[in-house]
Amino acid sequence: MNCTQAHELLPLYAGRDLDEKRARLVSEHIQICTACTRVAGEYREAVELAQHFAPPVFSEDVYANVRRQVMQQIENEPAEPLLPQLFGSWIRPQRPRYGQQPPRARGLKGSLRKTNAGASAAL
Amino acid sequence: MALALEMPLLVDAPTSDPSSLSLLIERAANGDTAAFEQVMIHSEQRVMAMTWRMLGNEADARDASQEVFLRVYKYLGRFRRDQDFFAWLYGITVNVCRDFLKKRQTHSSRFVSFGEDAGDVAFEVAAAHPDAEHVLVQAQQRELITKAMATLPFKERASIVLRDVEGLSTEEVARIMKSSATTVRSQISSARKKIRVYCQQHQPGFGEGKAR
């Protein structure tokens, strides 16, 4: 393995993301190459630093507020249909989704179209 | 905003007993809102941490976390028992954060917030601490990695956070990102290269202690 090949693999080597064979090749190379040893150290430090990417400690008030908002919205909105209702919908004609117009039969006029729309809306 | 200098432990406060959590999930999926609230308590620290890491400020992290839990409630009926709940939760969190960043067109999917004064606050707190030097080094490291992460595009940031911060395997990250392990490895590699370059430019002597 030469330095160019090692440089390509070092970011993954540092995080133990290489398969055994390639990891061994990189390992053998950095034992004899000072420049790549230095670069490997930098990647190792980058991985360790990433593990310190911590958010601030949020207060209990922050969490409680999120929970309160979520629970309020849940109470104000209809729940997702339960499983039996979902299964039921597979064998029943689909009702139009919220905000969508019911399906229309092209070329049909007058009372038939109205009947279709009425039937869909009732489901 | 208070800045913590110690790394918070992301152990979920109430209990980490998986059987009690799956019971709560099952009850919540059947419409038990009290059980759902407990599920939130079990997972809110992870979700807030993840949304903050992806979005870079507390206000957006709060809003995004709220949206995450609303989606969890909506789709909990589709969660399969053989799935890992937190992996499923991370999947929703990543999607919500992606949607959030899309809405923030001007930010071009990079987080820019991360309180510009965070470093100053850290130094003030560090100065008042008995082990000031150690705390100061930690604060500097946190500031450095936070700024380095801010330079990454969304997918690379999400992959590196899930892999290096949350400690998931490449395969798990790939499932969450709905991508292949090869693509995730490429994103992780690219992210680490950028972090290294950023740190080299902004911290003299970076990596010297690790060269063996």
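**Exercise 1. A charged pair across the interface**

Task: In this predicted model, find what kind of contact joins the side chains of Glu44(B) and Arg67(A).

Solution:
- Step 1. Take the N to O distance between the two side chains: 2.8 Å.
- Step 2. Compare it with the cut-off, which is within 4 Å for a Lys or Arg nitrogen and an Asp or Glu carboxyl oxygen.
- Step 3. Glu44(B) and Arg67(A) therefore meet in a salt bridge.
- Step 4. Recall the chemistry: side chains of opposite charge can pair when their charged atoms come close.
- Step 5. Set the pair in context. Chain B and chain A share five salt bridges.

**Exercise 2. The interface as a whole**

Task: Describe the side of chain B that touches chain A, by element and by class.

Solution:
- Step 1. Count the polar contacts. Ten residue pairs link chain B and chain A in this way, both residues being at pLDDT 80 or more.
- Step 2. List the elements of chain B that give two or more residues: α2 (33-55), α3 (58-75), α6 (132-150), α7 (154-165) and α9 (181-202).
- Step 3. Pick the main contributor. α2(B) gives the most, with eleven residues.
- Step 4. Sort by class. This side of chain B has 27 nonpolar, 13 polar and 17 charged residues.
- Step 5. Check the extent. Here 57 residues of chain B contact 40 residues of chain A.
- Step 6. Add the area. About 4800 Å² is buried between the chains, and carbon and sulfur atoms give 66% of that.

**Exercise 3. Two helices that cross**

Task: Work out how α1(A) is oriented relative to α9(B), and which residues make the contact.

Solution:
- Step 1. Start with the axes. Helix α1 (residues 3-14) of chain A and α9(B) come within 9 Å and cross at roughly 100°.
- Step 2. That angle makes α1(A) roughly perpendicular to α9(B).
- Step 3. Name the residues. α1(A) brings Glu8(A), Pro11(A) and Leu12(A). α9(B) brings Arg185(B), Ile188(B), Ser189(B), Arg192(B) and Lys193(B).
- Step 4. Sort them. The contact has three nonpolar, one polar and four charged residues.

**Exercise 4. A salt bridge within one helix**

Task: How far apart along helix α2 (residues 20-32) of chain A are Arg24(A) and Glu28(A)?

Solution:
- Step 1. Count along the helix: the two are four residues apart, so about one helical turn separates them.
- Step 2. Look at the atoms. The closest N and O atoms of Arg24(A) and Glu28(A) are 3.9 Å apart, and the pair forms a salt bridge.
- Step 3. Finish with the total. Over all chains, the structure holds 20 salt bridges.

Methods:
Residues numbered from 1 in each chain as written. Chains lettered and ligands numbered in written order. Predicted model: local features only at pLDDT ≥ 70, side-chain atom pairs only at ≥ 80, totals over all residues. Heavy atoms only, no water. Contact = heavy atoms within 4.5 Å. Buried area = accessible area lost by both parts, 1.4 Å probe. Polar contact = N/O pair within 3.5 Å; in protein donor to acceptor, adjacent residues only side chain to side chain. Nonpolar A, V, L, I, M, F, W, Y, C, P; charged D, E, K, R; others polar. Axes fitted to C-alpha atoms, helices over the stretch in contact; angles between N-to-C directions. Parallel < 35°, antiparallel > 145°, perpendicular 65-115°, else oblique.
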